[in-house]
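Q: I have a structure open here and would like to go through it with you. Could we begin with one side-chain interaction and work outwards?

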Amino acid sequence: MSNLTGAGKVVCVTGASGYIASWLVKFLLQRGYTVKASVRDPNDSRKTAHLTSLDGAKERLQLFKANLLDEGSFDSGIEGCEGVFHTASPFYHDIEDPQAELIDPAVKGTLNVLNSIAKFPSIKRVVLTSSIAAVVYNGKPRTPDVVVDETWFSDPDVCKESKLWYVLSKTLAEDAAWKFVKEKGIDLVTINPAMVIGPLLQPTLNTSAAAILNLINGAQAFSNFSLGWVNVKDVANAHIQAYEIPSASGRYCLVERVAHYAEIVKVLRELYPGVQLPEKCADDKPLMPTYQVSKEKAKSLGIEYIPLETSLKETVESLKEKQFARL
C-alpha cells in the first residue's frame, strides 16, 4: 500500500505471533506504522521469525515480552503508543480446565491490558479482537431468514449450559472490556469475526485452519454444524480500518458467508477433485440450518469480502506449502 497512513505513528499489538495478529502486524508495517508487539518469549525465534522477517520489521518492529496473566507486563509495550490492538486470547478445543486455560487468560488478560492502557492518556483508540462467538449464542433460533447483527450478545448462561467454554471466554472478555472502558472513558472498538481462514504466516497450526486440514487429511465425516467464515486478510484489514476511521465505533461482525460443513466439503471437492474428502455427516440428524449475518456495519469500514471459495483455496495451498497437508 503506497498510502503510508501510519508513518511516524506507534501502535501496540498484543499476542503478535497469533494467526490474525501476524497479518495485522504485516499490514501495519506496510502502512508505515512502528509496531510494538507482545509475544510470550521474544527469544524464541521459531515463534517470531515470521514477524522479524516482514518488510519494515528491521526498522519499525519492536518485540516485547508480556503474559496475559502478569499484571503490568504490557506497560512497557503500551507506553508511547497512540493505539492498541488487543488480539491475544487462547483458542483451543481440547481443554481440561476451561477456567484456567480459556476464561482467565481471556477475561483477566483483557482487563490486564486495559489497565495498562488506562495508565497512558496518549492512547487514542483500542481495537479488541472479539468473536462472533460473543454475538450469536443467546438462545434465539438461527434459521435462514434470521439476520444476526451487532446488537446481539451471547448469554453466558446459554454458553455454560452447552459447555461452550471458548464461546464463554470471548463473551465474558468482551463484556468485561465494555464495562471497563465505559468507566474509564477509553475509546474501544471490537471486531467480531466468524471462523477465520486463509493463508498462514505463522509456522504453527492454528485452530481454525486445523478445521480445514482435518477435512483434507482423511476425516471420515464432517461436523453437522453451520458457521460463518471470513478471510484472515479481511479481518486484519478491518482492525486497521476500525482504528483509522474516526467515526468507527462499537462492534463489527465480520462474516463473508454462513455455510454448513457440508458446503465447505462440496467447495473443497470442486477445488481439489483428487483429494479424499469425507462423504458423510458425523450424525444422522437433519443438517443444522444456516442463518444470515448483517454486512451493513462492516461495509462502513470499506470491507469487500474475499469470497469463501478463494479463502478455502488459500487455506489449503498454505497448508500444503507449510507441509501440514498430505496431499
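A: Certainly. The model is a predicted one. In it, the side chain of Trp23 reaches the backbone oxygen of Pro199 at 3.0 Å.

Q: Which helix does Trp23 lie in?
A: Trp23 belongs to helix H1, which spans residues 19-30.

Q: Is Trp23 buried or exposed?
A: Trp23 is buried, because its relative accessible area is 8% and the cut-off for that class is under 20%.

Q: What else does Trp23 touch?
A: Leaving aside residues up to four places away in sequence, Trp23 touches Pro199, Leu201, Val232, Lys233 and Ala236.

Q: How far is Trp23 from Leu51, C-alpha to C-alpha?
A: The separation of those C-alpha atoms is 9.3 Å, and the two residues are 28 apart along the chain.

Q: Back to Pro199. What about Ser318, which touches it?
A: Ser318 touches both Pro199 and Leu200, again not counting residues up to four places away in sequence. Ser318 is found in helix H13, residues 308-321.

Q: And is Ser318 buried or exposed?
A: Ser318 counts as buried, because its relative accessibility is 4%.

Q: Let us stay with H13. At what angle does H13 pack with H11?
A: Helix H11 (residues 261-271) and H13 pack at about 65°, and their axes are 10 Å apart. The two helices are therefore roughly perpendicular to each other. Their crossing is right-handed.

Q: Which residues meet there?
A: From H11, Ile264, Val267, Leu268 and Leu271 meet Leu308, Glu309, Leu312, Lys313 and Val316 of H13.

Q: How does H9 cross H13?
A: Helix H9, residues 207-216, crosses H13 at roughly 80°, and the axes come within 10 Å. H9 and H13 are therefore roughly perpendicular to each other. Ala209, Ile212, Leu213 and Ile216 of H9 make the contact with Leu312, Thr315, Val316 and Leu319 of H13. Leu312 and Val316 of H13 thus appear in the H9 contact and also in the H11 contact.

Q: Changing topic: what is the strand order in the sheet of three strands?
A: The order is E8-E10-E12, in an open sheet with mixed pairing. Strand E8 (195-197) and strand E12 (257-260) are at the edges with a single partner strand each, so one side of each has no neighbour in the sheet. On average, neighbouring strands here are turned by 45° against each other, direction ignored.

Q: How many bridges join E8 to E10?
A: Three bridges join E8 to strand E10 (residues 226-231), and the two run parallel. Within this pair, Ile197 has Asn231 in E10 as its bridge partner.

Q: Which strands does H9 lie across?
A: H9 lies across E8 and E10, and runs at about 75° to E8. H13 also packs on this sheet, where it touches E8, E10 and E12; the direction of H13 makes about 60° with that of E8.

Q: Now the sheet of seven strands. What is its order?
A: The order is E3-E2-E1-E4-E5-E7-E11, and this open sheet has parallel pairing. Strand E3 (61-65) and strand E11 (250-254) stand at its edges, each with a single partner strand, so one side of each is left without a neighbour in the sheet. The average turn between neighbouring strands of this sheet is 20°, direction ignored.

Q: Why is E11 described as largely enclosed?
A: Four of the five residues of E11 are buried, so the rest of the structure largely encloses this strand. E11 is joined to E7 by five bridges, and the two strands run parallel. Ile191 has Tyr252 in E11 as its bridge partner.

Q: On the E5 side of E7, how many bridges are there?
A: Strand E5 (residues 125-129) pairs with strand E7 (residues 188-193) over four bridges, in the parallel sense. Val127 stands opposite Val189 in E7.

Q: And which strands does H5 touch?
A: Helix H5, residues 98-118, packs on the sheet and touches strand E1 (10-14), strand E4 (83-86) and E5. The direction of H5 makes about 175° with that of E4.

Q: Lastly, what does H2 lie across?
A: Helix H2 (residues 45-52) lies across strand E2 (34-39) and E3, and runs at about 155° to E3.

Key:
Residues are numbered from 1 along each chain as its sequence is written. This is a predicted model: local features need pLDDT of at least 70, side-chain atom pairs count only at pLDDT 80 or more; totals for chains, interfaces and linings use all residues. Side-chain values use heavy atoms; hydrogens and water are left out. Two strands pair if DSSP finds at least two bridges between them. Axes are lines fitted to C-alpha atoms, for helices over the stretch in contact, and angles run from 0 to 180 degrees between N-to-C directions. Contact means heavy atoms within 4.5 Å. Buried means under 20% relative accessible area, exposed over 50%, partly exposed in between (1.4 Å probe, protein chains only). A polar contact is a pair of N or O atoms within 3.5 Å; within protein, one must be able to donate a hydrogen and the other to accept it, and residues adjacent in sequence count only if both atoms are side-chain atoms. Angles under 35 degrees count as roughly parallel, over 145 as roughly antiparallel, 65 to 115 as roughly perpendicular and the rest as oblique. A crossing is left-handed if the near helix is turned anticlockwise from the far one by less than a right angle, and right-handed if clockwise.
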